[in-house]
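User: Hey, I've got a new structure to look at and I don't know my way around yet. Can you walk me through it?
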Amino acid sequence: MLIKLIKYDIRADYKKYAITAAALILISIVVRFADVKFGSLDDNSDWKVLFRVLVGAFITLCGSAVLLTLIFSVVRYQKKMYSDEGYLLNTIPANPMLHILSSLITEYIWLIAIAAVDVVALIISAGGLDFWRGFLMPIRYVIEIDPAFAIYLLTFLLIFPGTMMLTLIFVINFGYLFRSHRVLAGIGGYVGLMIISNILSSVVYMISGKSNFNAATMKILSDNPNYITSDESYQIVMRELAKLASGTYISTLIVNVIFFAAIFIVSSYILKKRFNID
């Protein structure tokens, strides 16, 4: 049944992702052509300025394409569960967890697909793989300093899209528990969820005896405001973050895993009560 639900979700939105992917590839070709034509011009040239604007817009679009995956997935969930289409879908003999799991898996499938298109588009625009050497340098640096932190970072990046999706699923489900003012109810549910998350984080950090990773990270960055433009400041920030992470990443990962599982279970329970499905 899960496979059928996933196929159903994929078929419903594949055109949107196809258009997004085609747009990325097309614009990457335009950027590449512009680079060959105008990239070697004087920095003060009007065409060179326009070229830089085009490159900035293209990179922003690549990042936005990943964000669009989350937006498309959330809109798809709301439509399939609470629109006219949802009334038909809820007659399918599948428990609430399968509906949510289907949305999560579909989100990751499209996320991987769009990320792959992003990579191809960036390679096309750069005219080769030289672009990625500079992009991967900070990653190699982190791995050399603290391999365990690199593993945590990878795990966090894998969990984060699912956590965001589940958070928005919870907000939608919670809002639809009310007959009116559903948007306000959803916002209230989100605020409550964030309060619980912060309490959970504080408890785990207190038990583990570690400081709050996010607060400590912000302090390191504020103490070194020039870390983006200064190589010396950048090296200091990376070393301090590695030291900080070595003592806090396990606690942070535990918080994220517990939060992920809790939202999933609560959202499934709300669906079960809302639609009386098992």
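Analyst: Sure, one term to begin with: helices (H or I, at least four residues) and strands (E, at least two) are DSSP runs, numbered from the N terminus. With that, the elements of the protein run α-α-α-α-α-α-α-α-α from the N terminus on. In total there are nine helices and zero strands.

User: And where does the model come from?
Analyst: It's a predicted model, where local features need pLDDT of at least 70, side-chain atom pairs count only at pLDDT 80 or more, and totals for chains, interfaces and linings use all residues. Residues are numbered from 1 along each chain as its sequence is written, and side-chain values use heavy atoms, with hydrogens and water left out.

User: How much of the protein counts as buried?
Analyst: Of its 278 residues, 37% count as buried. Buried means under 20% relative accessible area, exposed is over 50%, and partly exposed is in between (1.4 Å probe, protein chains only). The protein exposes about 16200 Å², and carbon and sulfur atoms supply 71% of that. Those areas come from the Shrake-Rupley method with a 1.4 Å probe; for residues, only the protein chains shown count as cover.

User: OK, what's in the largest nonpolar core?
Analyst: That core has 20 residues, and the ones with the most contacts inside it are Tyr 77, Tyr 82, Ile 100, Met 165 and Leu 166. Helix 2 (46-82), helix 4, helix 6 (147-175) and helix 9 (231-275) each give two or more residues to this core. Helix 6 gives the most, with six residues. By nonpolar core I mean a set of buried Ala, Val, Leu, Ile, Met, Phe, Trp, Tyr and Cys residues joined through side-chain atoms within 4.5 Å.

User: What does Tyr 77 touch?
Analyst: Leaving out residues up to four places away in sequence, Tyr 77 touches Tyr 82, Ile 100, Ser 103, Met 165, Ile 169, Ile 172, Asn 173 and Leu 271. Contact here means heavy atoms within 4.5 Å.
Analyst: Apart from that core lies another one, of 13 residues, including Leu 24, Phe 58, Trp 110 and Leu 122.

User: What share of the contacts joins residues 24 or more positions apart?
Analyst: They make up 77% of the contacts with a separation of 6 or more.

User: Switching to charges: how many salt bridges are there?
Analyst: A search of the whole structure finds three. A salt bridge is a side-chain nitrogen of Lys or Arg within 4 Å of a carboxyl oxygen of Asp or Glu.

User: Which residues form a network?
Analyst: Asp 9, Arg 76 and Lys 80 are linked in a network of salt bridges. Asp 9 meets Arg 76 at 3.3 Å, N to O. That pair links distant parts of the chain, with Asp 9 in helix 1 and Arg 76 in helix 2, 67 residues apart. Lys 80 also pairs with Asp 9, their closest N and O atoms being 2.9 Å apart. Here too distant parts of the chain are linked, as Lys 80 in helix 2 and Asp 9 in helix 1 are 71 residues apart.

User: Are those three buried or exposed?
Analyst: Asp 9 is buried, at 2% relative accessible area. Arg 76 counts as buried at 8%, and Lys 80 is buried at 1%.

User: And the remaining bridge?
Analyst: The side chains of Asp 13 and Lys 16 meet at 3.7 Å, N to O. Both lie in helix 1, three residues apart, about one turn of the helix. Asp 13 counts as buried at 7% relative accessibility, whereas Lys 16 is partly exposed at 37%.

User: What about helix 4, does its length add up?
Analyst: Helix 4 (residues 96-126) has 31 residues and should span 45 Å at 1.5 Å a residue; its end C-alpha atoms are 45 Å apart, which agrees. The expected span is 1.5 Å times one less than the number of residues. Just after helix 4, Gly 127 takes a positive phi of about 75 degrees.

User: Where is His 181, and what's its phi?
Analyst: His 181 is in the loop between helix 6 and helix 7. Its phi is positive, about 55 degrees, although it is not a glycine. His 181 is exposed, with a relative accessible area of 60%.
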